[in-house]
Amino acid sequence: MNPKKKIDIQKVKDPSEKEILKYLNRQGKCIYGEIIRNLKLPTTKGQEAISSLLNKGLIKHEDKSTFIELNVEIG
């Protein structure tokens with residue numbers, strides 16, 4: 001198994017993306033809507049941030065499930 005890439009959380013510019021990464025680091029895997037609800041993000045902003053993080057490869061769906069988890073280590 002390959003070690004996960006490590007990222008510097010301070011270099012993540014979007015505040016919503018940063019909060020999502022911190023949340024997943026604390027909670028582990030979570031369902032999409034749970035992330036948006038628990039962080040009290042506006043739905044559209046939360047969806048955009050999660051989509052952006054998925055596209056960047058910083059988060060991923062756990063084994064083709066509805067759960068989302070970190071795909072990197074946070075430093």
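Helix α1 holds both Lys 22 and Glu 19, which are three residues apart, about one turn of the helix. In this predicted model, the two side chains form a salt bridge, with an N to O distance of 3.9 Å. Neighbours along the helix, the partners have these accessibilities: Lys 22 is partly exposed at 31% relative accessible area, and Glu 19 is partly exposed at 34%.

This pair belongs to a wider set, for the count of salt bridges comes to five. Side chains of opposite charge can pair when their charged atoms come close. A second example joins Asp 14 to Lys 45, whose closest N and O atoms are 3.0 Å apart. Asp 14 sits in the loop between β1 and α1 while Lys 45 belongs to helix α3, so this bridge ties together parts that are 31 residues apart in sequence. Both ends of the bridge can be placed on the accessibility scale: Asp 14 is partly exposed, with a relative accessible area of 22%, and Lys 45 is likewise partly exposed, with 30%.

A further salt bridge is made by the side chains of Lys 29 and Glu 62, at 3.2 Å from N to O. Here too distant parts of the chain are linked: Lys 29 is in the loop between α1 and β2 (30-31), Glu 62 is in the loop between β3 (59-61) and β4, and the two are 33 residues apart. Lys 29 is partly exposed, with a relative accessible area of 41%. Glu 62, in turn, counts as buried because its relative accessibility is 18%, under the 20% cut-off.

Turning to the interior, the largest nonpolar core has 20 residues, and those with the most contacts inside it are Ile 20, Leu 21, Leu 24, Ile 35, Ile 50 and Ile 59. Two or more residues each come from α1, α2 (32-38), α3 (43-56) and β4 (67-70). Helix α1 gives the most, with four residues. Leu 21 offers a good view of the packing: leaving aside residues up to four places away in sequence, Leu 21 touches Ile 7, Ile 9, Val 12, Leu 53, Leu 58, Ile 59, Leu 70 and Ile 74.

Lys 11 completes the picture. This residue is found in the loop between β1 (6-7) and α1 (15-27). Lys 11 is exposed, because its relative accessible area is 63%, over the 50% cut-off. From Lys 11 to Arg 26 there are 15 residues in sequence and 19 Å in space, C-alpha to C-alpha.

Conventions. Residues are numbered from 1 along each chain as its sequence is written. This is a predicted model: local features need pLDDT of at least 70, side-chain atom pairs count only at pLDDT 80 or more; totals for chains, interfaces and linings use all residues. Side-chain values use heavy atoms; hydrogens and water are left out. Buried means under 20% relative accessible area, exposed over 50%, partly exposed in between (1.4 Å probe, protein chains only). A nonpolar core is a set of buried Ala, Val, Leu, Ile, Met, Phe, Trp, Tyr and Cys residues joined through side-chain atoms within 4.5 Å. Contact means heavy atoms within 4.5 Å. A salt bridge is a side-chain nitrogen of Lys or Arg within 4 Å of a carboxyl oxygen of Asp or Glu.
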